[in-house]
Amino acid sequence: KPMLLVFGAEWCGWCKRLEKTTLGDPQLVKYINSTFVPVHIDVDEQKRVAEILEVGSLPCTIILSPEADLLGRIEGFEMPAGLYKKLAAAKKRQDGVSPVSVQQAE
C-alpha cells in the first residue's frame with residue numbers, strides 16, 4: 001500500500017479543520033484505511049522529515065509508493081470530495097507503474 005503522510009501542527013488552524021472536517025468524514029476514512037498506510041506527522045516534532053520531503057506550507061499531504069516514489073502532493077485544505085479525487089489519482093499513478101522484473105543470467 002502507498003503511504004499517506006499528513007503534515008500538520010498544533011498551531012495550524014487549517015490543519016485542525018482538515019482533521020476535523022475532511023479526515024473525519026466516515027467514507028473518506030474507510031477509503032484511506034483500506035487503500036493507504038496513513039501517517040500523521042507533526043512538523044514541530046519531526047522537522048527533519050518535513051525538510052526532506054520539502055513541506056513548505058501546512059497542511060500538506062504527501063502520497064508515497066511503497067518504494068518511496070512521490071505519487072502526489074496536496075498543499076492546503078481540501079474538502080472530502082476534493083481530497084478523495086486527488087488521492088484516487090495518486091493511487092492510479094501507482095497502479096500504472098509496474099515494477100521492473102530482473103532476470104538473472106545463467
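Is isoleucine 32 buried or exposed? Select isoleucine 32 in this predicted model. Its relative accessibility is 6%, so isoleucine 32 counts as buried. The tour returns to this residue after a view of the whole chain.

**The whole chain**

Display the entire protein as a cartoon. It has 106 residues, of which 38% count as buried. The C-alpha atoms fill a box of roughly 60 × 30 × 15 Å along the principal axes. The secondary structure amounts to 4 helices and 4 strands, and the order of these elements from the N terminus is β-α-α-β-α-β-β-α. If contacts are taken between residues at least 6 apart in sequence, 67% of them join residues at least 24 apart.

**Helix 4**

Select residues 80-96, which form helix 4. What length should this helix have? The 17 residues, at 1.5 Å a residue, should span 24 Å, and the end C-alpha atoms are indeed 24 Å apart, so the two values agree.

Next, colour Pro80, Leu83, Leu87, Ala90, Lys91 and Gln94, the buried residues of helix 4. Around the axis they cover an arc of only 100°, which means that they sit on the same side of the helix. Now turn the model to view the other side of helix 4, where Ala81, Lys85, Lys92 and Gly96 are exposed.

To see what covers the buried residues of helix 4, add the neighbouring elements to the display. The cover includes strand 1 (3-8), helix 1 (13-22), helix 2 (26-35), strand 3 (60-64) and strand 4 (70-75).

Within helix 4, select glutamine 94. This residue counts as buried because its relative accessibility is 17%, under the 20% cut-off. Which residues does glutamine 94 contact, leaving aside its neighbours within four places in sequence? They are Pro2, Pro66 and Leu71.

**Helix 2 against helix 4**

Show helix 2 and helix 4 together. Their axes come within 11 Å and cross at roughly 20°. Helix 2 is therefore roughly parallel to helix 4. The crossing of the two helices is left-handed. To inspect the contact, display the side chains of Leu28, Tyr31, Ile32 and Thr35 on helix 2, together with those of Pro80, Leu83, Tyr84, Leu87, Ala88 and Lys91 on helix 4.

Return now to isoleucine 32, which lies in helix 2. Apart from neighbours within four places in sequence, isoleucine 32 is in contact with Leu4, Leu23, Pro38 and Leu87. Of these contacts, Leu87 is also one of the buried residues of helix 4. A distance label may be added between the C-alpha atoms of isoleucine 32 and alanine 9: these residues are 23 apart along the chain, and the two atoms are separated by 21 Å.

**Helix 1**

Select helix 1 and colour Cys15, Leu18 and Thr22, its buried residues. Viewed down the axis of helix 1, these residues fall within an arc of 80°, so they line one face of the helix. On the other side of helix 1, select Gly13 and Lys20, which are exposed. Among the elements that cover the buried residues of helix 1 are strand 1, helix 2, strand 3 and helix 4.

**Backbone features in the loops**

The last stops concern the backbone. Most residues other than glycine have a negative phi, and most peptide bonds are trans. The following positions should be examined with that in mind.

Go to the loop between helix 3 (47-52) and strand 3, where proline 59 is placed. What kind of peptide bond joins leucine 58 and proline 59? The bond is cis, with omega about -10°.

Glutamate 54 is found in the loop between helix 3 and strand 3 as well. Select this residue and inspect its backbone: phi is near 55°, a positive value in a residue other than glycine. Glutamate 54 has a relative accessible area of 61% and is therefore exposed.

Finally, move to the loop between strand 3 and strand 4 and select alanine 68. Its phi is near 75°, again a positive value in a residue other than glycine. Is alanine 68 buried or exposed? With a relative accessible area of 54%, alanine 68 is exposed, since exposed residues are those over 50%.

Technical notes
Residues numbered from 1 in each chain as written. Predicted model: local features only at pLDDT ≥ 70, side-chain atom pairs only at ≥ 80, totals over all residues. Heavy atoms only, no water. Expected span 1.5 Å × (residues − 1). Buried < 20%, exposed > 50% of the residue type's maximum accessible area, 1.4 Å probe, protein only. Arc of directions from axis to C-beta. Contact = heavy atoms within 4.5 Å. Axes fitted to C-alpha atoms, helices over the stretch in contact; angles between N-to-C directions. Parallel < 35°, antiparallel > 145°, perpendicular 65-115°, else oblique. Left-handed = near helix turned anticlockwise from the far one by under 90°.
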